Amino acid sequence: MTETRRTRVAVVFGGRSAEHAISCVSAGSVMAALDPDRYEVVPVGITREGGWVLHDGGPLAIEGGRLPEVTGGTAVSLVGDPAGRGLSVLEPGEAFGRLTGVDVVFPVLHGAYGEDGTIQGLLEMSGLPYVGSGVFASAASMDKEFTKKLLTAAGIEQGDHVVLRDAAGALTTDPAALTAEHRDRLGLPVFVKPSRAGSSIGITRVTDWADLDAAVATAAAVDTKVVVEAAVPGREVECGVLAGVGGALPETSLPAEIRLRSGVDWYDFDAKYLDDAVDFDVPADLTPEQTAAVQEVSRRAYLALDCRGLARVDFFLGTDPVTGADRLVVNEVNTMPGFTPISMFPRMWAASGVDYPALVDRLVAGALAEG
């Protein structure tokens with residue numbers, strides 16, 4: 001009896017962004033969920049300096065507050081020629097190494113050089129199918145300025161914001177670009193953010209304009225484009241989106257809610273990953289009408305940005321001060337949401353009847369069908 005060949009899945013993680021460690025944690029969970037009877041996993045780590053290696057099996061979890069990192073392994077390189085279908089293992093002393101083919105790539109990369117269209121373009125040139133959105137959707141969703149522009153064009157409400165630009169319209173990290181008129185319009189508090197980053201890295205909640213300079217410097221250390229956003233009052237609600245099967249409309253999960261505990265001002269990096277500072281309601285305690293509204297706007301946002309495979313849409317659910325009706329404001333769209341054990345995306349789908357292994361399996365199958 002002939003043994004069925006397993007699908008070779010290259011799980012790519014780590015990378016050069018500030019979200020390196022969280023990518024490692026996500027990848028560890030994804031690899032553990034891939035059925036070893038059906039999939040052969042090729043673990044490809046990218047170091048903080050950008051080197052590609054076959055991961056040496058080190059821990060990919062947060063242990064005792066210590067964040068994981070890609071540090072070593074056998075050097076590999078992606079083969080640019082589509083005929084190569086995979087990776088070249090670089091042997092010591094040789095200019096070119098042996099080829100190791102892969103069937104599909106699961107890029108579990110968060111932030112710059114991974115979630116922003118860069119690796120997607122590389123994989124397109126290499127002719128390899130991959131999980132997640134393509135070049136344009138990845139780049140547009142990663143850049144908060146252009147996410148807001150595209151969603152606004154689709155009639156989806158955004159919070160008030162200012163991108164720091166000088167009088168000529170060029171990007172600047174000079175806090176003086178936020179004029180008195182801007183400050184009056186936005187009010188306090190504001191959130192000062194790097195435009196192209198995630199996991200709340202580089203974000204500062206500003207409650208006094210005297211703290212603006214330091215907040216801009218913090219954001220600018222992550223990205224040269226800085227966005228200042230007005231605070232939007234409301235509940236923090238998220239919803240997962242998956243590509244429909246066989247060309248059907250995208251499917252949406254049950255929404256979830258993030259509730260900050262007493263004394264926690266906002267959902268920053270430590271609150272997300274290191275501190276026991278928040279409670280998660282999965283699913284969220286919403287009315288049927290609110291659930292339907294969140295799901296519908298999530299689907300519209302996914303389509304407006306031309307997403308593929310998956311996305312997580314984050315909202316503020318508040319009340320319109322004039323009409324008293326629900327007000328649903330999209331905060332951001334994440335094309336490669338966290339896949340850590342505590343991440344909302346897999347938890348929302350589990351609550352919706354798609355457990356973690358089935359979720360990963362569906363994403364891989366969808367990428368192979370697209371490719």
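This report describes salt bridges, a buried threonine and nonpolar cores in a predicted model.

**Salt bridges**

The whole structure contains 19 salt bridges. Three of them are listed below with the closest approach of nitrogen and oxygen.

| Pair | N to O distance | Separation in sequence |
|---|---|---|
| Asp-103 and Arg-5 | 2.9 Å | 98 residues |
| Arg-48 and Glu-69 | 3.2 Å | 21 residues |
| Arg-327 and Glu-157 | 2.7 Å | 170 residues |

Asp-103 and Arg-5 form a salt bridge. This pair links distant parts of the chain, with Asp-103 in the loop between β6 (98-101) and β7 (104-107) and Arg-5 in the segment before β1 (7-14). The two partners differ in their surroundings: Asp-103 is buried because its relative accessibility is 18%, under the 20% limit, whereas Arg-5 is exposed at 59%.

The bridge between Arg-48 and Glu-69 joins two loops that are distant in the chain: Arg-48 sits between β2 (39-46) and β3 (52-55), and Glu-69 sits between β3 and β4 (73-78). Both residues are partly exposed, Arg-48 with a relative accessible area of 34% and Glu-69 with 37%.

In the third pair, Arg-327 bonds to Glu-157 through a salt bridge. Arg-327 belongs to strand β17 (residues 326-334) and Glu-157 to the loop between α4 (144-153) and β8 (161-163), so the contact ties together parts 170 residues apart in sequence. Arg-327 is partly exposed at 25% relative accessibility, and Glu-157 is partly exposed at 34%. Elsewhere, salt bridges with shared partners connect Asp-143, Glu-145, Lys-149, Arg-165 and Lys-225 in one network.

**Thr-335 and helix α3**

Thr-335 is located in the loop between β17 and α9 (344-351). Its relative accessible area is 3%, which means that Thr-335 is buried. Apart from neighbours within four places in sequence, Thr-335 is in contact with Glu-115, Ser-133, Ala-137, Ser-138, Ser-141, Cys-307, Leu-310 and Ala-311.

Among these contacts, Ala-137, Ser-138 and Ser-141 are also buried residues of helix α3 (residues 135-142). The buried set of α3 further includes Ala-140 and Met-142. In an α-helix there are 3.6 residues a turn, so residues three or four places apart point the same way. The cover over the buried residues of α3 includes α2 (118-126), α4 and β17.

**Nonpolar cores**

The largest nonpolar core has 30 residues, and Val-11, Val-30, Phe-106 and Phe-339 are the members that touch the most others. At least two residues of this core come from each of β1, α1 (20-33), β7, α9 and α10 (356-370). Helix α10 supplies the largest share, six residues.

What does Val-11 contact, leaving aside its neighbours within four places in sequence? Its contacts are Ala-27, Val-30, Met-31, Leu-34, Val-41, Val-42, Pro-43, Val-44, Phe-106 and Val-108. Val-30 and Phe-106 thus appear in this list as well as among the core members that touch the most others.

A second, separate core contains 21 residues, including Ile-156, Ala-284, Val-294 and Ala-311. Ala-311 is also one of the residues in contact with Thr-335.

Technical notes: Residues are numbered from 1 along each chain as its sequence is written. This is a predicted model: local features need pLDDT of at least 70, side-chain atom pairs count only at pLDDT 80 or more; totals for chains, interfaces and linings use all residues. Side-chain values use heavy atoms; hydrogens and water are left out. A salt bridge is a side-chain nitrogen of Lys or Arg within 4 Å of a carboxyl oxygen of Asp or Glu. Helices (H or I, at least four residues) and strands (E, at least two) are DSSP runs, numbered from the N terminus. Buried means under 20% relative accessible area, exposed over 50%, partly exposed in between (1.4 Å probe, protein chains only). Contact means heavy atoms within 4.5 Å. A nonpolar core is a set of buried Ala, Val, Leu, Ile, Met, Phe, Trp, Tyr and Cys residues joined through side-chain atoms within 4.5 Å.
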